[in-house]
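Me: I am new to this structure and would like to understand the terms used to describe it. May I put some questions about them?

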Amino acid sequence: MSETGTFWLPPASSTFAGDVDGLFYFIYWVCVVSFAILVGATFWFAWHYRKREGGPPVQQLTHSTVLEVAWSVIPGIIMIAMFVWGFKTFVAMNIAPSDSMVVYVTGQKWSWDFTYANGRNVPGELHVPVNKPVKLIMNSKDVIHSFFVPEFRVKMDVIPGRYTTLWFEATTTGEKQVFCTEYCGKDHSAMLAKVVVQTQEEFDAYMDTDPFAGMSLLERGEKIYNENACKGCHSLDGSAIVAPSFKGLWGKEETLADGSTVKVDADYILSSLRDPGSQVVEGFGPIMPVYTEQQVADENVLGLIEYIKSVK
Ligand code: CUA
């Protein structure tokens, strides 16, 4: 397996990559050779049997059984090989081993969020151990997204209202890029995340550390703002296209969709996270997703409040 990638393909970093790439190159070369034979024969016949002065009259054409059987059976065998190879790989990619480590993935405009079995929730970064099968159980909070890791050769749609799954086993450590490959609105192209593949020891150590250790409330708030979807909609410079800007927001009187007013205080910020549909500011759509206690813990909501206060 290639670790640097080729002109056509990125580096191969999962157990599937060998089969996926092998099948890709097999189909690719079958196409190249078939194209060369067909186009070459077309030109050769056109030239060889061109009309010439004094040439023999065209004879009545009949058929060649040998030729016809050959050009049916040989492509037939090649097609069956493509199907069998593709089907076996497809089945392997769809059935996760029973000892897979499960991680839950939530897609939303415009971020990825990862939750481990121990309840740990990390936006934007999926840490996994190398050489261990990992099964992702995925769901969307809003529209259809698609989770794509080119280096693993895996991609699966992420759909609201149902769970889809995907599995892989990474074969090399390091950071792999995650893309969203289903157009999902303004910041579709910025809906990125990283898969960080670590040795088992590094991964265990990572799972044991508190990501907010030693951070002030303000630093927690800034980290949450940058790593969740907040920054996709809430600007820091006063511009407010899809949602209110954080600039000068603290203490402001906001008019809600039902005409009532509310002061932006700690209560309002907490309810905007836990129950965003209850107090939608006039002029904006109800697009803010819910953030549960598990995703943004109460002490980190305090961090977010400090952060919003700091954006003047
Ligand atoms: Cu999410 Cu495109």
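Reply: Certainly; please bear in mind that the model is predicted. A suitable place to begin is strand 4 (residues 125-129), which is mostly covered, with 4 of its 5 residues buried. Strand 4 runs parallel to strand 10 (residues 193-198).

Me: How do you know that strand 4 and strand 10 pair?

Reply: Pairing requires at least two bridges, and 5 bridges join strand 4 to strand 10. The two strands therefore count as paired. Within strand 10, Val195 stands opposite Leu126.

Me: Why are helix 4 and helix 7 called roughly perpendicular?

Reply: Helix 4 (residues 217-227) and helix 7 (residues 298-310) pack at an angle of about 90°, their axes being 7 Å apart. Angles of 65 to 115 degrees count as roughly perpendicular, and the pair is therefore described in that way. By class, their contact has 7 nonpolar, 4 polar and 4 charged residues.

Me: What makes the contact of Arg153 with Asp21 a salt bridge?

Reply: The closest N and O atoms of Arg153 and Asp21 are 2.6 Å apart, and the cut-off is within 4 Å. The pair therefore qualifies as a salt bridge. Arg153 lies in the loop between strand 6 and strand 7 and Asp21 in helix 1, so the pair ties together parts that are 132 residues apart in sequence. Both Arg153 and Asp21 are buried.

Me: Why does Glu306 count as partly exposed?

Reply: Glu306 has 30% relative accessibility; buried means under 20% and exposed over 50%, so Glu306 falls in between. The side chain of Glu306 meets that of Lys309 in a salt bridge, and Lys309, at 31% relative accessibility, also counts as partly exposed.

Definitions and conventions. Residues are numbered from 1 along each chain as its sequence is written. This is a predicted model: local features need pLDDT of at least 70, side-chain atom pairs count only at pLDDT 80 or more; totals for chains, interfaces and linings use all residues. Side-chain values use heavy atoms; hydrogens and water are left out. Axes are lines fitted to C-alpha atoms, for helices over the stretch in contact, and angles run from 0 to 180 degrees between N-to-C directions. Angles under 35 degrees count as roughly parallel, over 145 as roughly antiparallel, 65 to 115 as roughly perpendicular and the rest as oblique. Ala, Val, Leu, Ile, Met, Phe, Trp, Tyr, Cys and Pro count as nonpolar, Asp, Glu, Lys and Arg as charged, and the others, Gly among them, as polar. Buried means under 20% relative accessible area, exposed over 50%, partly exposed in between (1.4 Å probe, protein chains only).
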